[in-house]
Amino acid sequence: MDFQNHFATRLSRLKDEGNYRYFADLERRCGDFPQAGCHRDGAVAPVTVWCSNDYLGMGQHPDVVGAMVQTAQACGTGAGGTRNISGNAVHHRALESELADLHGKESALLFTSGYVANWATLGTLGAQIPDVVILSDAKNHASMIEGIRHSRADKRIWAHNDWRDLDRQLAALGDRPKLVAFESVYSMDGDIAPLREIVEVAEAHGALTYLDEVHAVGMYGPRGGGIAEERGLAHRIDIIEGTLGKAFGVVGGYVAASAATCDFIRSFASGFIFTTALPPAVAAAATASIRHLKASGTERAAQKARVAMLRDRLDRAGIPHMANDSHIVPVMIGDPVKCRQISDILMQDWGIYVQPINYPTVPKGTERLRITPGPLHSDADIDRLVGALGQLWRRCALSRAVA
């Protein structure tokens with residue numbers, strides 16, 4: 001087989017379909033977020049970032065940066081290996097304690113990313129619980145899907161956010177062990193799951209519940225514990241999975257659950273056992289971020305105000321965006337080539353960075369710009385974004401009329 005020709009052909013097809021992923025070369029600037037530098041053609045141009053998952057700007061918060069720098073100077077850069085080989089850093093234990101407290105659980109377990117946390121935990125539970133069936137929401141993240149697939153457990157897909165369909169499928173499984181896996185905030189549409197109904201249905205059928213809160217931790221609830229905390233349901237959910245790489249502004253993932261559940265995952269999950277641990281400096285920075293957001297609602301309140309202002313301005317400008325109750329503002333394009341073109345024009349002509357979201361992240365025909373306003377976006381930033389989008393929308397409307 002001509003491997004290189006195969007790779008080139010497949011890549012060419014991706015480009016022809018408009019689904020090839022181009023990365024922007026950005027340089028984040030501490031103290032200046034969401035402003036950044038874009039490296040292009042040997043020069044650095046200023047851009048405003050509108051699609052970061054550093055939702056609250058905590059990646060540049062002085063307490064978070066200070067904790068990372070201080071710990072790196074004290075402990076060095078790396079963890080030295082897996083926690084089994086190199087031992088638990090005190091910073092790992094402190095962070096796990098902070099996370100357990102955040103979600104009102106007995107224990108928590110760190111992973112190197114939210115993706116790995118989902119893949120390893122669901123893969124382990126599916127493989128190690130005899131005869132279990134995993135029931136997965138139809139729009140669950142790829143990391144959850146891969147974990148379920150890796151487990152080789154029987155699975156059922158229930159209609160997105162449809163607790164009645166979940167109820168029917170659970171009832172049909174009788175007495176078999178059952179695990180219900182779902183998210184709180186779905187990152188592409190920004191919709192929020194009917195948590196109470198899902199939890200009540202799962203409880204009625206004796207199913208274990210697994211909730212992915214990666215786009216909600218830090219963002220919702222009086223202490224940033226996510227949608228489950230906001231709705232008073234965290235104590236009724238068996239396993240809560242989250243990330244340290246979005247609203248907390250660092251990197252890493254985790255699960256929070258009972259002590260026995262976390263110890264079981266720690267003891268059987270290859271994705272934990274054989275992976276180098278997070279650097280102590282990263283753990284210390286994440287701990288500082290969580291502690292700050294537990295006590296401060298300022299960032300969350302400002303972020304919500306920015307979202308409301310952007311949605312209002314988009315409505316006034318006649319720019320369609322998907323309605324939801326979250327912090328995610330999807331502006332629908334519906335064509336991969338046009339989505340890429342609009343993103344490129346925004347960057348080149350306006351200094352606005354919004355990465356296009358195409359297949360396979362979203363279904364074909366639902367391509368979009370996924371905008372995430374943050375507390376550090378100014379009124380002027382919002383006006384510039386809406387003004388640029390307005391011009392592009394009028395240009396597109398005129399071109400359609402001429403055609």
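These are my notebook entries on a few places I looked up in this structure.

**Ground rules.** I am working with a predicted model, in which local features need pLDDT of at least 70 and side-chain atom pairs count only at pLDDT 80 or more, while totals for chains, interfaces and linings use all residues. Residues are numbered from 1 along each chain as its sequence is written, and side-chain values use heavy atoms, with hydrogens and water left out.

**Entry 1: strand E5.** I began with E5 (133–137); helices (H or I, at least four residues) and strands (E, at least two) are DSSP runs, numbered from the N terminus. Is E5 buried or exposed? I found that five of its five residues are buried, where buried means under 20% relative accessible area, exposed over 50% and partly exposed in between (1.4 Å probe, protein chains only). Val133, Leu135 and Asp137 sit on one side and Ile134 and Ser136 on the other, so both faces are covered.

Next I looked at the partners of E5; two strands pair if DSSP finds at least two bridges between them. E5 and E6 run parallel and are joined by five bridges, with Ile134 opposite Lys155 in E6. Between these two strands the chain passes through H6, in a right-handed β-α-β crossover. Right-handed here means that, with the strands pointing away from the viewer, the path from the first strand over the helix to the second runs clockwise. E5 also pairs with E7 in the parallel sense, over four bridges, and there Leu135 has Val180 as its bridge partner.

**Entry 2: helix H6.** Which residues of H6 (residues 142–151) are buried? I noted Ser143, Met144, Gly147, Ile148 and Ser151. They lie on the same side of H6, because they cover an arc of only 135° around the axis; the arc is that of the directions from the helix axis to the C-beta atoms. A general point helped me here: an α-helix has 3.6 residues a turn, so residues three or four places apart point the same way. The cover over the buried residues of H6 includes helix H5 (114–128) and strands E5, E6, E7 (178–183) and E8 (208–212).

Just after H6 comes Arg152, in the loop between H6 and E6. Its phi is positive, about 65°, although Arg152 is not a glycine. Arg152 counts as exposed because its relative accessibility is 78%.

**Entry 3: helix H8.** In H8 (residues 195–204) I listed Leu195, Ile198, Val199, Val201 and Ala202 as the buried residues. Their arc around the axis is only 165°, which puts them on the same side of H8. They pack against E6, helix H7 (163–172), E7, E8 and helix H9 (227–230). Gly206, which follows H8, has a positive phi near 65°.

**Entry 4: backbone oddities.** I kept in mind that most residues other than glycine have a negative phi, and most peptide bonds are trans. Where does Asp41 lie? I found Asp41 in the loop between E2 and strand E3 (43–49), with a positive phi near 55°. Asp41 counts as exposed because its relative accessibility is 77%.

Then I checked two cis peptide bonds. Phe33 to Pro34 is cis with omega near 15°, and Pro34 belongs to the loop between strand E1 (26–28) and strand E2 (35–40). Tyr359 and Pro360 are also joined by a cis bond, with omega about 10°; Pro360 lies in the loop between E13 and E14.

**Entry 5: a three-strand sheet.** E14 led me to an open, antiparallel sheet of three strands in the order E11-E14-E13. E11 (329–332) and E13 (356–357) stand at the edges with a single partner strand each, so one side of each has no neighbour in the sheet. Four bridges pair E11 with E14, and Pro330 has Arg370 in E14 as its bridge partner.

**Entry 6: Thr372.** My last stop was Thr372, in the loop between strand E14 (368–371) and helix H15 (379–402). Thr372 counts as buried because its relative accessibility is 4%. Leaving aside neighbours within four places in sequence, its contacts (heavy atoms within 4.5 Å) include Trp50, Tyr55, His327 and His377. I also saw that a polar atom of the Thr372 side chain lies 2.8 Å from the backbone oxygen of Ser52.

Methods: Polar contact = N/O pair within 3.5 Å; in protein donor to acceptor, adjacent residues only side chain to side chain.
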